[in-house]
Structures are given as C-alpha cells and as structure tokens.
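Me: I would like to go through the terms used for this structure and see how each one is reached.

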Amino acid sequence: MSWLMVNGQSVVLNGEKSVLDVVRKAGIDLPTLCYHPELTIHGACRLCMVEIEGRGIVAACHTPPEAGMVISTNSAVLRRLRKMALELLLSRHDRECTSCSRSGHCSLQDLSYRFGITDLRFKQEHDKQLPIDRSSIILRDPNKCILCGECVRICGEIQGIGVYDFVHRGAKMVVDTAFGQHLAETDCVHCGQCAAICPTGALVIKPQINEAWAALNDPTKTVIIQIAPAVRVSIGEEFNLPPGQSTMGQLISALRSMGASKVFDTSFAADITVLEETKEFFQRVESGENMPQFTSCCPAWVKYAEQSYPEYLSHLSSCRSPQQMLGSLVKKHYAKELGKKPEELFMISIMPCTAKKFEASREEFTTSGVPDVDLVITTQELAHMIKEAGIDFASLPTTPPDQPFGFVTGAGVIFGVTGGVSEAVLRLGYELITEQELEDVVFSEVRGYSGLRSCELTIKDRTLRLAVVNGLANAKTLLEDLKSGKAQYDLVEVMACPGGCIGGAGQPITNVNRQVRHERGAGLYLDDKAGPVQKSQQNPAVLEVYQKWLKEPGSAEAHEALHTTYRERDARCKITQPLPGKV
Amino acid sequence: MNTVTEIVESTAVDPNFIASVLREMGTESAALIPILQAIQERYRYLPEEALVEISRALGLSMATVYGVATFYAQFSLEPKGKYVIKVCDGTACHVRGSLPVYDAIRRKVNLVDGRSTTEDKLYTVETVSCLGACGLAPVVTINDKVYGQMTAEAIRLIIDTLEQEGITDD
C-alpha cells in the first residue's frame, strides 16, 4: 500500500490520477477554476498550486501523485501566489456583479470572497470593452471570460462540436468562434453545456423571465404551462431540498399562485410520443426502410443531425418532441375546446433544456401563424421567479396537474433520464410483439449513465439491437460506426446532455456534478415506480385524446399534429430549403 | 503595371490547389501548419473558404483552425499587398532609428488609421521583432529582399524605384 503526506497527514493512494484528487480526498478543498473531472486537464488557472518537497511549487491538477510525496497546500507563499493569481484574473474581469445573471453562482465571485480580496491592486482597463454576442439563446460576454477553457473543452470533448477555441495570442488571447462569427451562425446546437460549466458570467442563457411575467400579468392572455419530466427532480435544489426529490405538486401550486390558468405535464406528451414512435418503429421494421430509427426528442441532437449528418435525417423518427406535441395539441385542438383562438393562449414550457428555447422558435412549429410554444423558461429561471415572488417553495402544498393533459405514466416521466425513451418504447414494444401483458416493466439493459451503451434484447422470436447515447461526441462515434458497417442497430436513443435531460443546461448549476445528476435520475425512476400506471399505452387520458382528436397512432390526424420533417443545413448552419407546402 | 487586377484574380480560391496541397501534406492534424503555410504562400493570406475546406478535410473544428491561424504572426487573415514591407523593430534597429523609417514608409504609401495594407492592395507595412541582421540595423525587408542601414530618405527612394520598375529579382 503506497501513501503520501498532505499537510503532515498520511493519505493512502488508491489510483487517483492527480495530486489534486489526493488532496481533495484528504478533505482539503483546493480551489480550481479550470478543472473538471469529466474533461481533460488544462492547468491554466494556477489556483490549485501546492508545494511538493524537492520539486517546488506545481499545479496539483496535472501532477500525478507518487508514493512518498510530501505535499503542503497552505504555506504563506502558496496563499500569496493564489491570491495574486485571483487578483490578476479579476483585473481582466468585468466585475459588475450586481447586474450579472451568474451572481450568486459564480466561482470567481466565491473564490474572491473566500480569499478575502477586498481591494484590487491591478486596475481594470475599462476602455477596452469587447462587444457582447446576443445573437443566440446563449449570450457571450468576453469581458467576463477568464480563459479557463472549460467551454472549449466541453463543446469539443463531450459534444464533439468545438464551436469555440482560443484565438489570437498573449494578452490579446480570447475564447472565440471561428472568424468571430455570431453564435447563431455557427454549428452551436444550443445545448448550453458551455454556459452550465462556465465558472463566471461569460456564457449565460438568455434570460426570458420578464417575458414570462408579462404574459402572466396580461389579463387578455390565458397562460398555459407545461412542465418537463426532469424539472420536478431538480428545482428543489434551489430551495435547499436534496437533488432527486420530486416536487411536481409544489411546482404546480407555485405556478398557479403566480397566475397560470392551466398547468400540464409534458410527460403526458411523452406518453403520446411512445405510442407514435413505437408505431413508426414497427412500420420501419416491417418495411426495412430507414433503419435504424433514431429518437427525435432532443432538439440539440436534431440540429446536430441536420448540420453534420444530413444523410441520416430520414432515420430520425418524424415525431416532434414532447414539448412541441403538447404545444401543438393545445393550440390546434384544446383551444377550440376552450372556445379560444390559438393567439389568445400563451404557452410557457418549463424545461431543463436551453435548446428547447431554440426548438420553440422553429418555423415548422406553429398553428395559424402562432407559435405552438410561446416561451420556454428553464428550471433555473423558474426558481428565480419563485424566489422573486417570495414564495416559500418547500412548504407549499401539493396540487395535481390539470386535465386533459395531466395524467401521466411512469414511462413518460423517465423520458428525463438517458435510456428512458428506450425503456418506455420497450414497455409498449414488448406487448406488441408478444401480445401478452408485460409484468416486470424494468429494462435494466438500457439504464445507466455511460455515454454510449448498447444491448441486444430477444423478445419472443425477435431480436432488437438498441443503442443509448448521451453526449453528441458519442453520437458521432456511433454514426461513424454505422457508416463503416462496424455496428448495426435497430433503435438508437440520442440525448445531447450528459445523463439526458436531468443534466440539461437549464437545470440548477450543480448540474456539472455527476453525483447530483445520478440522484436526479434515481428520483425519476422512483416517481415511475410510485405512480399508478407505468406503461404509456395504459394512460387513460392519452387514449381519450386519441378518441377525441387523433383517431389512432400514425393516423393522418396524428401526423398533422404530432409529426414533423427535417431539412439539411448549409455551411453557415442555415436551413435553405423551404418547408414542405410552404414554397 | 496591372498589379491590382492580378491580385483580385488570385484571391478566388482554387479548389484544385487546395486538393493538391492536401494530397502532398496529408490530412493528419499535425499537417495543419504546413498546409496553412502553403496556402499563405500562394495567396499571401489565408482565405476563409480555404480554412473551411481544410477544417473539413482534417476533421478539426473551424474554431481550432482559426485559433492556429490567429496564433502565429506569420499568418494573415486579410489579403496582403503586393509588396510586404517589414521594418525590424528589434532592440538594435529600434536604437538606430527604425521607427522614423517606419513612419516615413507609412506616410510615403499613404497608410492612415492604423491600417497595415493600402487600399489598392499594393503595400503592406508591418513591424517585426528581429530579423537577425542586427549588424545592418535598421533593417527593412521588401518581399524578403533585405535593405540594411535604412534611413527615411533611403527608403523613400527605394519605394520610388519600386513604383517605376517593380522589385528587381521578383
């Protein structure tokens, strides 16, 4: 057994990759601004410096631990250097904290406080402000960037895209897009992971809270809300509740008291997705065309396919995402039932996702020229609104969602976690293949959190080859394997964010922590188990909606309201072909 | 002298040229810098279309290719003039009066507002850190031809000659 010394205490080595990991294991919270356990090591912030006897001062994050090392982490010289590194970062940082939407969740702010930086020796150069890019739903303020490179690495390594990189050199170095393009013109898929991981306010999600308040306070508008599955197990974190605790009932109470007239559950539309997507899948299995089928719930994945793998667009399920299905049902059918015009209803989605903001603005998702979903706000934004309204969230009573889009099954709820869509489809697929009732609804083969997993399931006389992907870099690997013939699948589920929607960039900022994501996922599986129905095909409210408006899965009526088409994007990521029927 | 039309013609990127460079240098990411050098040599700058093509061929993100292109001073993303005049501003040249020479050149070719290339794309004027010819300080190069012990007067004469005869060993 090998060990080393940290501040005079012996610490046993157990395969840690860096001195940083060992020091943190010893209970010392060594500060970092550019280190993330799921990304490669960058070593730029210099805050994790430690002193190793015989070696001097090194950055702990990229120093491998060795037996017998004698490490100190808190000497006078280290404290002085650490403070100076922070002061130098602050000298180039726009410190308008009170009006920064990252305030309170900013690592640089936290560390400045922790290291007692009360006055700055290095004066800021105010005349050199760089322009803010507001072209996309992700806002980029280079004046707040500290060049930690986490956005560069998460976009390149996890999503396989690489929208940003370091450009120019020395004092002029900035993180930028190619040719300094606006983000809206790049191949950014709006997953927002760069903003979630950014330690400062250099990358933030465009706040739309004011638009939400404006609609809620407008007496001429009927505000209809939908809440995505993953929101219920994470929003509590903003109110000191543990991750994974389901707070759907409190959420609905809060939204009602804020002025929402109806609150629906997006999981209802997920149940419909299961019926439509499974129908489509078996049709493709029969015809042998466009196999494998890819899921289409994730708007970041859809845009990625449109720009990078247009040859696979025909393989995507033509199903709209649950958000857009519910928006469409509300504007096309439910409005009539209420005796209202689509424009009199204002639909707000509460989403764990930032790409949903982009998805809602796509031209194909409209009814009589009105967007099906008028506004998307993230889990974080809603938490902010609840705080602004002064609502004591944790002690709210629970309220059930409204009908007719309120009854949901466990299959719809687990859409929020990677593997959930596959499992929900299998719960129906099994019964279709065997014509028998499925007793044990858990398909542990598709559960888990690794980025790319696959399995073969034999149901009766049929073998289904499934792949479940999270992180678009893994999707790229899978697509290349398909192209080269190295792999064959029947059904592929793709979610852009690590862990699926529970790890979406709209979630509370603790997102970047793998453990928190797993607890949220466990919360969804618990909700699934605890609910009265676990199979989408047994959702009585869904069956009623088909009876009333859609006839049966795959019908012309269902296609009109619930399906879509995909179009290739050009080199500037713009769609050039017109919408079908809109020449 | 029809220099202007020559340059306009050469800014359209020739896909055959890019393809031949890629054939010669390969498409490993390590080939990026030699590829950029070959393109810069041909067009005297790195046209955006060429960078897009290279990023696709090498499987690198466009931002990464752009990052490398902006890191090195040898690369330019804007078309350079027919005559690239580099004024050495290393220590020896600086002490022996390189800045008055630099100012004289800018005035002579009518460069204003911090621009480095003239509007007719005839001249690009820039400073470099050290050309390694300190014994000849102050040193100026025009398209890699070296002119030593420059003065404001001498460089004006050289430019006059250029305009009449073109660069001699071009």
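Me: What number of salt bridges does the rule find across the interface of chain B and chain A?
Reply: Zero. The rule asks for a side-chain nitrogen of Lys or Arg within 4 Å of a carboxyl oxygen of Asp or Glu, and across the interface of chain B and chain A it finds zero such pairs. This is a predicted model, in which local features need pLDDT of at least 70, side-chain atom pairs count only at pLDDT 80 or more, and totals for chains, interfaces and linings use all residues. Side-chain values use heavy atoms, with hydrogens and water left out.

Me: How much area do chain B and chain A bury between them?
Reply: About 1200 Å², 63% of it on carbon and sulfur atoms. Buried area is the accessible area (1.4 Å probe) that two parts lose on being put together, summed over both.

Me: Which residues are in contact, by number, in chain B and chain A?
Reply: 13 residues of chain B are in contact (heavy atoms within 4.5 Å) with 17 residues of chain A.

Me: Why is Cys130(B) not bonded to the closest cysteine sulfur?
Reply: A disulfide is a pair of cysteine sulfur atoms within 2.5 Å. The sulfur of Cys134(B), the closest, is 4.0 Å from that of Cys130(B), so the distance is too far for a bond. Over all chains the structure holds zero disulfides. Cys145(A) is likewise in none, with the nearest cysteine sulfur, in Cys151(A), 6.2 Å away.

Me: What makes Cys145(A) count as partly exposed?
Reply: Buried means under 20% relative accessible area, exposed over 50%, and partly exposed in between (1.4 Å probe, protein chains only). Cys145(A) has 22%, so it counts as partly exposed. Cys130(B), at 48%, is also partly exposed.

Terms used
Residues are numbered from 1 along each chain as its sequence is written. Chains are lettered from A and ligands numbered from 1 in the order in which they are written.
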